[in-house]
Amino acid sequence: MRVQADKGGDADVMIAAGWSASRIGGALMRLHSKPTREGLALVHVQVAMEADRMHISNPDAVATAALAWWLDRVCPVCHGRKYDTIPGTPSLSSIECPECHGTGEKNMPVGARDLLIWMDYCKHFHVGMIKSRLRNNQQG
């Protein structure tokens with residue numbers, strides 16, 4: 001087994017399987033701040049493996065949909081404002097957006113709820129690790 005920079009293989013799967021929740025959380029945070037194709041591909045492998053571990057049908061497709069939603073969940077109709085605008089004004093009306101029904105978000109992908117909860121857990125775990133390290137550095 002060997003790692004090849006230009007293509008994925010068995011070694012990549014072994015490396016990916018050893019990732020911790022904190023490391024996946026860090027990779028997810030980097031996707032928000034500085035998305036790269038390589039970073040997305042790496043995280044996709046992890047999310048698809050977790051979907052498979054959760055026995056989610058069609059784990060690759062659900063992982064793709066979950067990542068797409070996680071990275072851009074803002075409703076495209078109301079742009080996250082949750083309400084329609086009053087015609088001819090910049091003001092919001094009291095009428096909820098007909099697309100998102102006042103949530104400000106796109107509909108969650110079918111079958112991805114548990115996977116999205118896991119992704120958020122990993123991100124929050126990573127944030128907790130960063131906070132812990134910062135506290136320890138301030139005390140020392």
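**Salt bridges and an aromatic pair in the predicted model**

Asp72 and Lys106 form a salt bridge in which the closest N and O atoms are 3.5 Å apart. This pair ties together distant parts of the chain, 34 residues apart: Asp72 sits in the loop between helix 4 and strand 1 (83–85), and Lys106 in the loop between strand 2 (92–96) and helix 5. Both partners are partly exposed, with relative accessibilities of 39% for Asp72 and 32% for Lys106.

The model is a predicted one, and a word on confidence is helpful here. The protein averages a pLDDT of 85, and 82% of the residues score at least 70. Among the elements, helix 4 (residues 59–71) has the highest mean pLDDT, at 95, whereas helix 1 (residues 10–17) has the lowest, at 52.

Across the whole structure, the search finds three salt bridges. Besides the pair described above, one of them joins Glu50 to Arg53, with the closest N and O atoms 2.5 Å apart. These two residues are three apart in helix 3, so about one helical turn separates them. Their surroundings make an interesting contrast: Glu50 is buried, because its relative accessible area of 9% falls under the 20% cut-off, while Arg53 counts as exposed at 54% relative accessibility. Glu50, found in helix 3 (residues 37–53), also reaches beyond its own stretch of sequence. Leaving aside neighbours within four places in sequence, Glu50 is in contact with Leu115 and Trp118.

A further salt bridge brings together the side chains of Asp114 and Arg113, at 4.0 Å from N to O. Asp114 is partly exposed, with a relative accessible area of 47%, whereas Arg113 is exposed, with 54%.

Turning to the aromatic residues, the count comes to one aromatic pair. Tyr121 and Phe125 make up this pair, with 5.8 Å from centre to centre and 35 degrees between the planes, an arrangement classed as tilted. The pair is tilted because an angle of 35 degrees is neither under 30 degrees, as stacked rings would require, nor over 60, as edge-to-face rings would. Tyr121 and Phe125 are four residues apart in helix 5 (residues 113–139), so they are separated by about one helical turn. Both rings belong to partly exposed residues, Tyr121 having a relative accessible area of 46% and Phe125 one of 35%.

Note on methods
Residues numbered from 1 in each chain as written. Predicted model: local features only at pLDDT ≥ 70, side-chain atom pairs only at ≥ 80, totals over all residues. Heavy atoms only, no water. Phe/Tyr/Trp six-rings, centres within 6.5 Å; stacked < 30°, edge-to-face > 60°. Buried < 20%, exposed > 50% of the residue type's maximum accessible area, 1.4 Å probe, protein only. Contact = heavy atoms within 4.5 Å. pLDDT = per-residue confidence, 0-100.
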